[in-house]
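User: I am new to this structure and would like a close look at a single part of it, the loops on either side of one helix. Please set that part against the chain as a whole.

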Amino acid sequence: MGNELIDKLAKAAAEDEELQNIYNKIPKSTIKTEIQETVIINGKKNRALSKSSFLSIKVRLKIKVPLTLDFTAIISGHGKTKAYLHRFHITEDPRCTCNNTRQSVNHLIYECQDTRQQRSVLIADIQKNGGTCPINN
């Protein structure tokens, strides 16, 4: 019922030619600043892996990182690792297939024998772009 009411109101607003557009009276820079401040405030509440990956959210905002669903899931600690899925009783065993260690994002990136090929490619790419290894958060 709530969704139907929202749809009805949205349709009425879209068809009302007398209705003033007030959203375009706020500068885009103000909206962008408010969004960034909200992200910073909310980010301080729940930082999970991102806390160890970036010194601060302000530093992160200065770094050009292509954001993808996978990157966001991993950096926020919501990657579909066995340890994460085990927390929600989706898998019975949190251990990685390579040994008895919990399969976490850090394990997969830094230690897992099953991902050593991808790790080698990552290290080569870091070095190619002027970074140093061993890699850390």
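Analyst:
**The loops on either side of α7**

T115 lies in the loop that joins α7 to α8 (116–128). The model it belongs to is a predicted one. The side chain of T115 comes within 3.3 Å of the backbone oxygen of C112. T115 counts as buried because its relative accessibility is 17%, and the cut-off for buried is under 20%.

On the other side of α7 is the loop between α6 (82–87) and α7 (105–111), and Q103 has its place there. Q103 is buried too, since its relative accessibility is 12%. What does Q103 touch, leaving aside residues up to four places away in sequence? Its partners are T81, K82, A83, P94, R95, C96 and L108. Among them, K82 and A83 fall within the range of α6, and L108 within that of α7. Q103 can also be placed relative to H86: the two are 17 residues apart in sequence, and their C-alpha atoms are 9.9 Å apart in space.

One of the partners of Q103, R95, takes part in a salt bridge. The side chains of R95 and D93 meet there, with 2.9 Å from N to O. The count of salt bridges comes to one. R95 is partly exposed because its relative accessible area is 36%. D93 is likewise partly exposed, because its relative accessibility is 26%.

The loop between α6 and α7 also holds H89. Is H89 buried or exposed? H89 is exposed, because its relative accessible area is 71%. The backbone of H89 deserves a note as well: its phi is near 60°, a positive value in a residue that is not glycine. Most residues other than glycine have a negative phi. The loop between α6 and α7 thus includes both a buried residue, Q103, and an exposed one, H89.

Now for the chain around this part. The protein chain has eight helices and zero strands, so that, by the definition of these elements, every element from the N terminus on is an α. Of its 137 residues, 17% count as buried; Q103 and T115 belong to that group. Among contacts with a separation of 6 or more, 23% join residues 24 or more positions apart. The accessible surface of the chain comes to about 11,400 Å², and carbon and sulfur atoms account for 56% of it.

A separate feature of that surface is a nonpolar patch made of I26, I31 and I35, which together have about 260 Å² of accessible area. I31 sits in helix α2 (residues 28–45). I31 is partly exposed because its relative accessibility is 37%.

How far can the coordinates be read? The mean pLDDT of the chain is 78, and 77% of the residues score at least 70. Among the elements, α6 has the highest mean pLDDT, 91, whereas helix α3 (residues 48–53) has the lowest, 53. Where pLDDT is low, the predicted coordinates should not be read in detail. The helix with the highest mean, α6, is also the one that leads into the loop holding Q103 and H89.

How values were computed: Residues numbered from 1 in each chain as written. Predicted model: local features only at pLDDT ≥ 70, side-chain atom pairs only at ≥ 80, totals over all residues. Heavy atoms only, no water. Helix = DSSP H or I, 4+ residues; strand = E, 2+ residues; numbered from the N terminus. Buried < 20%, exposed > 50% of the residue type's maximum accessible area, 1.4 Å probe, protein only. Contact = heavy atoms within 4.5 Å. Patch = residues over 30% accessible without salt bridge, like charges linked within 9 Å, V, L, I, M, F, W, Y side chains within 5 Å. Areas by Shrake-Rupley, 256 points an atom, 1.4 Å probe, with all protein chains shown as cover. Salt bridge = Lys/Arg side-chain N within 4 Å of Asp/Glu carboxyl O. Polar contact = N/O pair within 3.5 Å; in protein donor to acceptor, adjacent residues only side chain to side chain. pLDDT = per-residue confidence, 0-100.
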